[in-house]
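Q: Could you take a close look at one residue of this model and then place it in the setting of the whole chain? Please explain the terms and cut-offs as you go.

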Amino acid sequence: MTEFENIVIGKSTIPSLIITVILMIAIPVIFFIYWRKKQKQQTKIGYLIAGAVGFIVSARVLELGVHLICIVADNPVSRFINGNTVAFVLYGIIMAGVFEECGRYIVLKYIMKKNRTPENAVMYGIGHGGIEILAVILPTMITYLAVAVMFSSGNVENALSTLNITEQTADAALPSVQAAATFDYAMMAMNVMERLFAMLLHIGLTVIVYYGVCNAKKACLPAAILLHMLMDTFPALYQRSVVPLWAVEIWVALWAAVIVFIAVKLYRKMKVSSSKETNE
């Protein structure tokens with residue numbers, strides 16, 4: 001496994017990964033503490049938990065189950081999707097949009113029937129986006145950190161043994177090891193910014209779906225699915241090496257701004273409506 005013998009861990013790799021791990025934990029915690037402190041009387045922790053559970057069930061159980069059949073398994077469908085960039089991108093953005101937004105809709109409409117306030121919509125979004133960081137992104141960063149620490153010692157054989165990398169798993173493990181080795185402060189900044197945008201996107205999309213649930217606006221769910229699909233287009237293209245990472249960041253920032261703009265308008269409408277009901 002000569003490829004691993006050429007792995008060089010940069011001087012900034014371990015420090016930048018340590019900071020990234022800390023910030024990945026801090027992002028959802030800060031969002032939660034800020035919103036809970038600001039809106040304590042109008043928010044319920046149950047909505048935070050519902051957002052987290054909703055993401056796990058919709059994205060990490062149901063959607064992932066479909067991926068195992070359509071992407072991971074070897075069959076005509078997976079070979080077609082993996083072998084065609086257009087099919088891969090369309091499949092990816094449709095699955096993400098449909099599963100996550102329908103998951104939000106089902107939980108908010110049929111399970112979380114009590115304490116329906118605009119503030120709780122934001123709390124749900126924090127739970128959804130926060131658990132994505134803690135359950136998906138954070139473990140990846142911790143793995144990168146472990147890889148970087150192991151290979152920084154200079155003992156490649158020991159690193160491979162500790163990480164359980166064998167001749168059979170070498171090809172699959174090499175990209176992750178290379179990604180860990182090349183991680184630096186620029187990558188740290190992009191990962192943190194991407195997660196901040198993602199948190200805003202999840203909060204904004206939750207408010208849009210929530211508005212539709214509370215006001216019987218059927219167009220809100222397909223609108224949220226479409227917005228989610230559009231936001232995921234460049235990340236999917238990046239996975240196929242069609243666009244550079246900096247283009248992905250600009251694209252996600254653009255759609256974060258659009259979605260937050262729409263969500264703020266709907267949030268204010270819900271606040272005005274709830275104030276009128278209170279006064280009456």
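**A close look at Asp232**

A: Asp232 is found in helix α10, which covers residues 220-239; helices here are DSSP runs of H or I with at least four residues, strands are runs of E with at least two, and both are numbered from the N terminus. The model is a predicted one, in which local features need pLDDT of at least 70 and side-chain atom pairs count only at pLDDT 80 or more, whereas totals for chains, interfaces and linings use all residues. Residues are numbered from 1 along each chain as its sequence is written, and side-chain values use heavy atoms, with hydrogens and water left out.

Asp232 counts as buried because its relative accessibility is 16%, where buried means under 20% relative accessible area, exposed means over 50%, and partly exposed lies in between, with a 1.4 Å probe and protein chains only. If residues up to four places away in sequence are not counted, Asp232 touches Ile93 and Ala96, a contact being heavy atoms within 4.5 Å. Met150, by comparison, is 82 residues from Asp232 in sequence and 34 Å from it in space, C-alpha to C-alpha.

Arg195 offers a second buried position: its place is in helix α9, residues 185-215, and it counts as buried because its relative accessibility is 6%. The side chains of Arg195 and Glu132 are joined by a polar contact of 3.1 Å; such a contact is a pair of N or O atoms within 3.5 Å, of which, within protein, one must be able to donate a hydrogen and the other to accept it, while residues adjacent in sequence count only if both atoms are side-chain atoms. With neighbours within four places in sequence left aside, the residues in contact with Arg195 are Met24, Ile27, Glu132, Ile133 and Ile137.

In the loop between α9 and α10 lies Ala216, which has a positive phi of about 55° although it is not a glycine, and which is exposed because its relative accessible area is 66%. Asn115 also has a positive phi, near 55°, in a residue other than glycine; its place is in the loop between α5 (85-111) and α6 (118-152), and with a relative accessible area of 42% it is partly exposed.

On the surface, Ile45, Ile49, Val53, Ile56, Val57, Val61 and Leu62 make a nonpolar patch of about 550 Å². Patch residues have over 30% relative accessible area and no salt bridge, with like charges joined within 9 Å and nonpolar side chains (Val, Leu, Ile, Met, Phe, Trp, Tyr) within 5 Å; a salt bridge is a side-chain nitrogen of Lys or Arg within 4 Å of a carboxyl oxygen of Asp or Glu. Ile49 has its place in helix α3, residues 45-72, and is partly exposed at 49%.

As for the whole, the protein has eleven helices and zero strands. Buried residues make up 45% of its 280 residues, and among contacts between residues at least 6 apart in sequence, 81% join residues at least 24 apart. The C-alpha trace spans about 75 × 45 × 30 Å along its principal axes. The radius of gyration is 21 Å, which agrees with the value near 19 Å for a compact globule of 280 residues; the radius is taken over C-alpha atoms, and the globule rule is 2.2 Å times the number of residues to the power 0.38. The accessible surface comes to about 14,600 Å², of which 66% belongs to carbon and sulfur atoms, by the Shrake-Rupley method with a 1.4 Å probe, where for residues only the protein chains shown count as cover.
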